[in-house]
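Student: I would like to work through this protein step by step, with the reasoning laid out for each answer. Could we begin once the sequence and the structure are in view?

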Amino acid sequence: MKKNVLKVLTILIISILVIGVLNNSYAVSVCTIKGNFSPNNPNPGQEVTIDISATEINEAIAGVGFTLEYDAEKLDIVSSTATELWEISQTETLFTILTKNFEATNNTGKIATLKLKVKENAAISETT
């Protein structure tokens with residue numbers, strides 16, 4: 001199960017959408033968002049931490065949004081918190097992270113942390 005949960009966590013952030021608007025006429029991707037997971041091999045009942053980081057920022061950003069997909073029979077979302085510069089909001093599996101002052105920034109690094117818990121009764125098996 002430990003390796004299978006790692007696979008699931010590796011694909012949790014299926015859709016990462018980061019766009020910047022240039023000249024009010026088109027949008028482009030302006031940075032990379034990465035999720036770092038720990039522990040790599042969680043046991044039933046254990047929490048899993050996903051640190052969300054912004055890297056390779058090509059243009060200043062003021063927000064990011066992504067959808068978190070996971071097996072709800074095996075995992076529960078426990079919490080989502082943003083770092084000092086950011087605020088996070090959640091609607092089911094859609095997360096939006098915005099700068100507190102709504103001003104674009106080039107600061108790279110961790111912007112938020114998500115916590116999930118492996119359910120106590122999670123069966124050992126692969127999951128998508």
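Student: Is Lys-110 buried, partly exposed or exposed?
Tutor: This is a predicted model, in which local features need pLDDT of at least 70 and side-chain atom pairs count only at pLDDT 80 or more, while totals for chains, interfaces and linings use all residues. Residues are numbered from 1 along each chain as its sequence is written, and side-chain values use heavy atoms, with hydrogens and water left out. A residue is called buried under 20% relative accessible area, exposed over 50%, and partly exposed in between, using a 1.4 Å probe and protein chains only. Because the relative accessible area of Lys-110 is 42%, the residue is partly exposed.

Student: Which residue forms a salt bridge with Lys-110?
Tutor: A salt bridge requires a side-chain nitrogen of Lys or Arg within 4 Å of a carboxyl oxygen of Asp or Glu. For Lys-110 the N to O distance is 3.6 Å, and the pair ties together parts that are 59 residues apart in sequence, since its members lie in strands β10 and β5. The strands, each a DSSP run of E with at least two residues, are numbered from the N terminus, as are the helices, which are runs of H or I with at least four. The partner in β5 is Asp-51.

Student: How many salt bridges does a search of the whole structure find?
Tutor: Besides the pair of Asp-51 and Lys-110, Asp-76 forms a salt bridge with Lys-119, their closest N and O atoms being 3.6 Å apart. Asp-76 lies in strand β7 and Lys-119 in the segment after β10, so this pair ties together parts that are 43 residues apart in sequence. Asp-76 is partly exposed at 36%, and Lys-119 counts as partly exposed at 23%. The search of the whole structure finds two.

Student: Which strand supplies the largest share of the largest nonpolar core?
Tutor: A nonpolar core is a set of buried Ala, Val, Leu, Ile, Met, Phe, Trp, Tyr and Cys residues joined through side-chain atoms within 4.5 Å. The largest one has 23 residues, among which Ile-52, Ile-61, Ile-97, Ile-111 and Leu-114 touch the most other members. Strands β4, β5, β6, β9 and β10 each supply at least two residues, and the largest share, five residues, comes from β10.

Student: Which peptide bond is cis, and which residue in the loop between β9 and β10 has a positive phi?
Tutor: Most residues other than glycine have a negative phi, and most peptide bonds are trans. The cis bond joins Ser-38 and Pro-39, with omega about -5°, and Pro-39 is found in the loop between β4 and β5. In the loop between β9 and β10, a positive phi of about 60° belongs to a residue that is exposed at 60% relative accessibility, namely Phe-102.

Student: Over which residues does pLDDT stay under 50?
Tutor: The predictor's confidence in each residue, from 0 to 100, is called pLDDT, and its mean for the protein is 78, with 74% of the residues reaching 70 or more. Where pLDDT is low, the predicted coordinates should not be read in detail. A contact means heavy atoms within 4.5 Å, and the model has 54 contacts beyond four places in sequence for the stretch where pLDDT stays under 50, residues 4–27.
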